[in-house]
Amino acid sequence: MFFPCCRRIFLKHSHSFEKTVRLSWLQTAASASNQNPRAWQLYSAVCLERYPVITNELTPLESKFKALMQLMEKENSLLSDHEKRLKDETAQAAKKHDDDDDETLRKTQYAIDFEDQWENEYNQFTPANRITDADINNDTRSVNRKLDRKLIFIIKQKLGEKEFWVLPQGVRQESESMRQAAERVLQSASGDKLKASFLGNAPCGFHKYKYPRSVSSHIGAKVFFYKASLKSGDITSGADYRWVTKEELKEYLVPSYLEAVEDFILEL
Amino acid sequence: MAAFLADVVLQITRLSLQRCCKMQGLTACRSIHTQGAPLLFQTSNILSSEPMKRKKRDDPALAAARIARKKKNIEKLLKQKQRLGRILKPIEEIEGNFKLQQRAHELRRERTQLTFEESEERALLHKDWTRHRMHQFIDDMNAVHQFTNSQQKALKELREESEELYQQAIQIDNNSLLYEWHGPVSTPPIEGYDSPDGEYVDTTRQY
């Protein structure tokens, strides 16, 4: 009595189950032809650089060679007018001293007086310090740190569930070129007070990563990097950011990402 | 009687003669005038200058001598030009200062006599430097290769995604062709520093 009833119910259900499965399969096939779920999502990213403001410290070899070149330059040169005058005057002074002449023919200004004057003028000027406050406080958010190195702008961005340190990136919108997308991304990451110049229309680097399986719309992201150099201005957006050197990137970036990025950040 | 008087008046006032003639008919006019030729106003140009002088004939020998002299002068000039060539604007950097050249002997420094060790040290330093620069050059070249490879890879991937985006990416960016950047310098710039301008006299000669 129980059995046939149960069987009937099962059959009824299995029929409906089969129907729904077929339906959902059809639906996905239809959406595939429209949206193409197997496509990659295109991202533009910006590698914003602050170029070195001051020269590098010379290595021991460089400073040694520099001294030698200056010495050789001096050895091969002729006396300048000032040096000649100084030489003549010292010779004259020595002669005068020997003769013990009275100082009737004393000139108002000697070459050596000029030298004192110049030295005074030079000592009055104090050049700015090569080590800035940002270096002392180790302020990685300041653009004025490590003036003799190239600095790179990185930002904390949410990719999927987690937050990562990356070069600022964003999805390309419809009817936008990759370069235009990069410009928009930089503006949104830095605020509108920062001025930067982009170098070329072509991307300089590439990186791709896959989304987890739960994301059904796309396979993953293809990131195209653009280079820009900082001209002026500050970062006014509320984002968490850092200005770091190429070596310091290791502490922040994911290894696979770092590998892609390191290729196009040159330190020449 | 009246007709006769009118004729006399006509004879006196010659300026109105022609008009009168027209009035009275040419035959009447001719019968009165006393001159041989018919009296009409002159229409040809009046010559109001003295007649042209007769051209003096040159001595052919003298003329030939003059032409020869002229020719000789030109030839002389040509020869001079050829000898000197084109006279060019002097370049100070090449010619140097004449006054300085004249007193160069008194501006010479005392020659430094290098010991064997010193010259050896210098040579070794030069070799070290050359080696250092070579390594630097190789590193630079590697970095540039790495960069271009990275860019080529990016472009290839972009082309696979979309031909249109690729075409946009390979266009020349005219704004970055004007790109300029100053630095680096030995000490950082001081904010708001007004550097004093030196005084100078422009001694450039105008040609």
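In this predicted model, Arg122(B) reaches across to Glu75(A) in a salt bridge, with the closest N and O atoms 3.0 Å apart. This pair is one of seven salt bridges found across the interface of chain A and chain B. Polar contacts join the two chains as well: 20 residue pairs, with both partners at pLDDT 80 or more, are linked in this way across the interface.

Several elements of chain A help to form the side that touches chain B. Helices α2 (60-75), α3 (81-99) and α6 (178-190) each supply at least two residues, and so do strands β5 (195-198), β6 (205-210) and β7 (220-232). The largest share, 10 residues, comes from α2(A). Sorted by class, this side of chain A has 30 nonpolar, 10 polar and 15 charged residues.

How many residues does each chain bring to the contact? Chain A gives 55 residues and chain B gives 44. The size of an interface is often expressed as the accessible area lost when the parts come together. Here, the area buried between chain A and chain B is about 4,500 Å², and carbon and sulfur atoms give 64% of that area. Leu61(A), Phe65(A) and Asn201(A) supply 13% of the area that chain A buries against chain B, more than any other three residues.

Next comes the nonpolar interior. In soluble globular proteins, nonpolar side chains tend to be buried together. The largest nonpolar core in this model has 27 residues, and the members that touch the most others are Val46(A), Leu48(A), Met178(A), Phe198(A), Phe224(A) and Trp243(A). Both chains take part in this core: β1 (41-50), β2 (151-159), α6, β7 and β8 (241-244) of chain A each supply at least two residues, as do α8 (116-161) and α9 (163-169) of chain B. A second core, separate from this one, has 24 residues, among them Val166(A), Leu167(A), Cys204(A) and Ile265(A).

A closer look at one residue of strand β7 of chain A, Ser229(A), is worthwhile. Is Ser229(A) buried or exposed? Ser229(A) counts as buried because its relative accessibility is 2%, under the 20% cut-off. The side chain of Ser229(A) makes a polar contact of 2.8 Å with the side chain of Tyr179(B). Beyond its neighbours within four places in sequence, Ser229(A) is in contact with Leu48(A), Glu49(A), Tyr51(A), Lys195(A), Ala196(A) and Ser197(A), as well as Tyr179(B). Leu48(A) also appears among the core residues that touch the most other members.

Terms used. Residues numbered from 1 in each chain as written. Chains lettered and ligands numbered in written order. Predicted model: local features only at pLDDT ≥ 70, side-chain atom pairs only at ≥ 80, totals over all residues. Heavy atoms only, no water. Contact = heavy atoms within 4.5 Å. Buried area = accessible area lost by both parts, 1.4 Å probe. Salt bridge = Lys/Arg side-chain N within 4 Å of Asp/Glu carboxyl O. Polar contact = N/O pair within 3.5 Å; in protein donor to acceptor, adjacent residues only side chain to side chain. Helix = DSSP H or I, 4+ residues; strand = E, 2+ residues; numbered from the N terminus. Nonpolar A, V, L, I, M, F, W, Y, C, P; charged D, E, K, R; others polar. Core = buried A, V, L, I, M, F, W, Y, C linked by side-chain atoms within 4.5 Å. Buried < 20%, exposed > 50% of the residue type's maximum accessible area, 1.4 Å probe, protein only.
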